[in-house]
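Dear colleague,

Please find the structure below, handed over for your use. A description of what was found in it follows.

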Amino acid sequence: MILQAAAEVANHDAARAREMAMFAAAIAAFGGDSGIDLRPLDFANPPGPEAPAREHAFADLLIGLDHVVHDRWNDAATVMAHVFATAEVLDAADQDLLPNLGIAALHVGDDAAASEYHRRLLSRARDTGAMVMVLYAQTRLALIETATGAWSSAEARCAEAVALGEETGQPALATTPKALQLLIAARRASVTYEPLLVEVETALAAQAVGILDGICRDLVRWAKGLHALGSGAKPTAAFHQFGQISHDITKRMAGVDRVETAVAAGQDAAARLWVEDLTTFADATGQAWARAAAAHALALVDPDTAEEHFEAALAAHPNSGGRVFDRARTQLAYGEWLRRNRRRVDAREQLRVALATFEDLDAKSWADRAAAELRASGETARKRDNFEPLKLTAQELAVATQVQHGLSNREVAAQLFLSPRTVDFHLRNVFAKTGVTSRVELAQLALT
């Protein structure tokens with residue numbers, strides 16, 4: 001429909017046709033197929049040098065997203081870097097570009113850019129009362145935070161997105177944030193996993209959930225794969241789930257899990273193919289987290305040179321945008337390798353730090369695995385003094401985060417579409433649970 005409409009207006013308004021073609025390319029990048037002979041690039045005629053930045057941004061996004069569709073990652077990364085630079089001079093009237101700038105950043109693995117565009121989108125949507133756009137922004141920010149390890153914040157965003165989907169009479173839009181909640185529950189071995197799985201699979205069986213349908217289904221497969229590994233270590237069943245993950249974004253987010261599972265299941269050919277994909281993407285985009293993931297994966301398939309690859313992964317991790325869980329995964333795997341090679345003292349150094357991170361994230365099964373390895377290395381794993389993760393509900397965390405940004409209760413209520421009385425109720429619970437007695441003290445407290 002979009003491409004046919006673009007063809008109809010192309011002779012009258014080339015800029016509008018180009019914009020429409022960019023939207024078509026964005027859909028194609030998530031697996032859409034027009035089913036007709038027209039292609040988005042048919043409308044990619046470049047704007048003139050005097051054209052506004054908006055037109056240049058649409059043109060670059062169109063070309064960059066077409067590169068994504070065809071797995072031309074070097075070209076995609078180059079074009080996206082240019083469009084992100086162009087976007088710096090966009091004004092308020094051009095903010096409708098934000099969703100697709102954010103999507104473009106997700107495709108090339110740029111956590112910082114993806115977060116920035118979606119935060120701006122969220123702020124604009126809150127200011128204008130565009131509740132469905134708040135839902136979109138919160139869901140995509142939650143996807144980024146799930147990757148970077150800010151799981152409590154991601155859960156709070158998902159809770160708001162689910163509520164907005166249900167309150168606006170569009171429950172299908174609540175499915176992707178629920179799938180993210182499911183993935184976090186699988187990583188934490190939470191009791192909420194089973195009921196969430198039923199909810200999400202029931203919703204997916206009922207209908208597709210829009211442009212993120214493929215990623216949503218991938219998140220479920222990822223969660224089921226992790227659950228299979230955690231419930232009796234069933235690598236064959238887990239490999240079946242990981243092998244069905246189809247979208248590039250989720251393939252790479254789950255890259256280390258996929259390779260580790262393939263190795264455990266004896267699927268060496270698949271493991272090496274997935275390592276090659278990670279390495280190609282890392283080389284093309286230059287993203288530090290991707291280089292770390294590729295090096296970690298190489299260590300898993302190449303035991304003889306594992307130390308070199310683990311060290312390379314750890315060297316990349318400090319610059320990987322805060323993907324703290326991924327770093328802990330590397331430290332755990334490296335510690336396991338060192339212990340098995342009778343280097344127990346070196347192993348302990350990696351395992352201690354990994355265990356602390358897993359405890360911070362409340363990743364129970366991972367913490368248990370790290371603690372078991374630490375014991376096997378000859379050191380007793382001890383609980384850290386005074387460590388007790390905050391048990392705020394998702395809504396409490398959302399309220400507390402807004403208060404930390406300096407908002408009044410009434411302003412928080414407007415931002416979260418709650419009543420001031422409800423905000424006051426949640427804030428009092430936050431004070432009681434954290435032990436703070438003022439908004440100033442709360443502003444200084446680490447919540448995630």
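The model is a predicted one. To begin with a single side chain, Gln 181 is found in helix H9, which covers residues 175-188. With a relative accessible area of 18%, Gln 181 is under the 20% limit and therefore counts as buried. Setting aside neighbours within four places in sequence, the contacts of Gln 181 are Glu 155, Cys 158, Ala 159, Val 162 and Leu 196.

After H9 comes a loop that leads to helix H10 (193-206), and Ala 189 is placed in that loop. Ala 189 is not a glycine, yet its phi is positive, near 50°. Most residues other than glycine have a negative phi. The relative accessibility of Ala 189 is 45%, so this residue is classed as partly exposed.

Asp 71 offers a second case of a positive phi in a residue that is not a glycine, with a value of about 60°. Asp 71 belongs to the loop between H3 and H4, and it is partly exposed at a relative accessible area of 47%.

The two helices joined by that loop also pack against one another. Helix H3 (residues 53-69) and helix H4 (residues 73-86) have axes 8 Å apart, at an angle of about 160°. An angle over 145 degrees counts as roughly antiparallel, and H3 and H4 are therefore so described. H3 crosses H4 in the left-handed sense. On the H3 side the contact includes Leu 61, Gly 64, Leu 65 and Val 68, and on the H4 side it includes Trp 73, Val 79, Met 80 and Val 83. By class, 11 residues of this contact are nonpolar, five are polar and two are charged.

A further helix pair lies at the start of the chain numbering. Helix H1 (residues 2-9) and helix H2 (residues 14-28) cross at roughly 165°, and their axes come within 8 Å. H1 is therefore roughly antiparallel to H2, and the crossing of this pair is left-handed. H1 contributes Ile 2, Leu 3, Ala 5, Ala 6 and Val 9 to the contact, while the H2 residues include Arg 16, Met 20, Phe 23 and Ile 27. The contact of H1 with H2 divides into 11 nonpolar residues, no polar ones and one charged.

Turning to the interior, the largest nonpolar core holds 125 residues, and those that touch the most other members are Met 80, Phe 84, Leu 101, Trp 222 and Phe 358. In soluble globular proteins, nonpolar side chains tend to be buried together. Beyond its neighbours within four places in sequence, Met 80 is in contact with Leu 61, Gly 64, Leu 65, Val 68, Ala 104 and Val 108. There is also a second, separate core of 18 residues, among them Leu 397, Val 399, Ala 400 and Leu 447.

Is His 107 buried or exposed? Its relative accessibility is 3%, so His 107 counts as buried. His 107 lies in helix H5, residues 98-107. Not counting residues up to four places away in sequence, His 107 touches Ala 29, Phe 30, Leu 65, Val 68, Trp 73, His 247, Ile 249 and Phe 281. Between the C-alpha atoms of His 107 and Val 69 the separation is 9.9 Å, although these residues are 38 residues apart along the chain.

With kind regards

Terms used: Residues numbered from 1 in each chain as written. Predicted model: local features only at pLDDT ≥ 70, side-chain atom pairs only at ≥ 80, totals over all residues. Heavy atoms only, no water. Core = buried A, V, L, I, M, F, W, Y, C linked by side-chain atoms within 4.5 Å. Buried < 20%, exposed > 50% of the residue type's maximum accessible area, 1.4 Å probe, protein only. Contact = heavy atoms within 4.5 Å. Helix = DSSP H or I, 4+ residues; strand = E, 2+ residues; numbered from the N terminus. Axes fitted to C-alpha atoms, helices over the stretch in contact; angles between N-to-C directions. Parallel < 35°, antiparallel > 145°, perpendicular 65-115°, else oblique. Left-handed = near helix turned anticlockwise from the far one by under 90°. Nonpolar A, V, L, I, M, F, W, Y, C, P; charged D, E, K, R; others polar.
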